[in-house]
Amino acid sequence: MNESLASVNHKQIGYRIKEVREQNNFSQARLAEETELSISYISHIENAKRKASLESIIRIVNALGITVDELLAGVQLHNPTAYQTDLDLLMAECTENEKRFIYEMVKASIDSMHKNGWHISDDEARCCGTLFSHIKFRFEIDYTDMPVRMVYFIFL
């Protein structure tokens, strides 16, 4: 079997565990307690210093209240529905106008990337979570005159 097709992105899995853990306001200590795993093992998994066993993955997703599919979103090669659940959850509480606005922003971003020939490497994709945690968006929206005229990115 082609080694690149069989490889598992343990850095991405660790990043997703940390991301979901923090979204649930769990410390590493609390996740360790809930899963009966050690704090250092949780840390090593999150930092890809150790590979999580299947049993550990099951314990972690059960403690975090997510499915294995949700944990592995974006990790599987050629997954056409990667991040769909995440996007659905994010947009669940949005108004129709907010959903439309988000759709237009994503569409414009994709169009711009393709038009300019921009490609995001695996390393850049892994950094996105860190990058976006340091960016605040300020929107000045006039819904009567779509598309939205201004978006400001403020780096902290």
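The protein has nine helices and two strands, and the model you're looking at is a predicted one. Let's work through it in a few exercises.

**Exercise 1: the overall layout**

Task: Work out in which order the elements run from the N terminus, and what share of the residues counts as buried.

Solution:
- Step 1. Start at the N terminus and walk along: the elements go α-α-α-α-α-α-α-α-α-β-β.
- Step 2. Now turn to burial. The chain has 156 residues, and 21% of them count as buried.
- Step 3. For contact range, take the contacts with a separation of 6 or more: 45% of these join residues 24 or more positions apart.

**Exercise 2: α3 against α5**

Task: Describe how helix α3 packs on helix α5, and decide whether the two are roughly parallel or roughly perpendicular.

Solution:
- Step 1. Recall what you need: two packed helices are described by the angle between their axes and the distance between the axes.
- Step 2. Get both values. Helix α3 covers residues 28–35 and helix α5 residues 54–64; the angle is about 110° and the axes are 9 Å apart.
- Step 3. Classify the angle. The range from 65 to 115 degrees counts as roughly perpendicular, so α3 and α5 are roughly perpendicular to each other.
- Step 4. Add the handedness: this crossing of α3 and α5 is right-handed.
- Step 5. List who makes the contact. From α3 come Leu31, Glu34 and Thr35, and from α5 come Arg59, Ile60, Ala63 and Leu64.
- Step 6. Sort the residues of the α3 and α5 contact by class: four are nonpolar, one is polar and two are charged.

**Exercise 3: α2 against α5**

Task: Do the same for α2 and α5, and say whether their crossing is left-handed or right-handed.

Solution:
- Step 1. Here the angle is about 25° and the axes lie 10 Å apart.
- Step 2. Angles under 35 degrees count as roughly parallel, so α2 is roughly parallel to α5.
- Step 3. The crossing of α2 and α5 is left-handed.
- Step 4. Ile13, Ile17, Val20 and Arg21 contribute from α2, while α5 brings in Ile57, Ile60 and Leu64.
- Step 5. By class, that gives six nonpolar residues, no polar ones and one charged one.

**Exercise 4: the nonpolar core**

Task: Find out how many residues the largest nonpolar core has and which element gives the most to it.

Solution:
- Step 1. The largest nonpolar core has 17 residues, and the ones with the most contacts inside it are Ile17, Leu31, Ile60, Leu64 and Leu71.
- Step 2. Look at where the core residues come from. Two or more each are given by α2 (10–23), α3, α4 (39–46) and α5.
- Step 3. Pick the top contributor: α5 gives the most, with five residues.
- Step 4. Zoom in on one core residue. Beyond four places in sequence, Leu64 touches Ile17, Val20, Arg21, Asn24, Phe26 and Leu31.

**Exercise 5: Leu37 and Glu36, side by side in sequence**

Task: Place Leu37 and Glu36, and decide for each whether it is buried or exposed.

Solution:
- Step 1. Leu37 sits in the loop between α3 and α4, and Glu36 is found in that loop too.
- Step 2. Apply the cut-offs: buried is under 20% relative accessible area and exposed is over 50%. Leu37 has 16%, so it is buried. Glu36 has 67%, so it is exposed.
- Step 3. Check what surrounds Leu37. Leaving out residues up to four places away, it touches Ala32, Ile42, Ser56, Arg59 and Ile60.
- Step 4. Take one of those partners: Ser56 is 19 residues from Leu37 along the chain, yet their C-alpha atoms are 7.8 Å apart.
- Step 5. Check the backbone of Glu36: its phi is positive, near 60°, although the residue isn't a glycine.

**Exercise 6: Glu46 and Asn25**

Task: Decide whether Glu46 is buried or exposed, and then ask the same of Asn25.

Solution:
- Step 1. Glu46 is in helix α4. Its relative accessibility is 8%, so it counts as buried.
- Step 2. Its contacts, aside from neighbours within four places in sequence, are Gly14, Tyr15, Ile17, Lys18, Arg21 and Gln28.
- Step 3. Asn25 belongs to the loop between α2 and α3. With a relative accessible area of 66%, it is exposed.
- Step 4. Asn25 also has a positive phi, about 55°, without being a glycine.

Technical notes. Residues numbered from 1 in each chain as written. Predicted model: local features only at pLDDT ≥ 70, side-chain atom pairs only at ≥ 80, totals over all residues. Heavy atoms only, no water. Axes fitted to C-alpha atoms, helices over the stretch in contact; angles between N-to-C directions. Helix = DSSP H or I, 4+ residues; strand = E, 2+ residues; numbered from the N terminus. Parallel < 35°, antiparallel > 145°, perpendicular 65-115°, else oblique. Left-handed = near helix turned anticlockwise from the far one by under 90°. Contact = heavy atoms within 4.5 Å. Nonpolar A, V, L, I, M, F, W, Y, C, P; charged D, E, K, R; others polar. Core = buried A, V, L, I, M, F, W, Y, C linked by side-chain atoms within 4.5 Å. Buried < 20%, exposed > 50% of the residue type's maximum accessible area, 1.4 Å probe, protein only.
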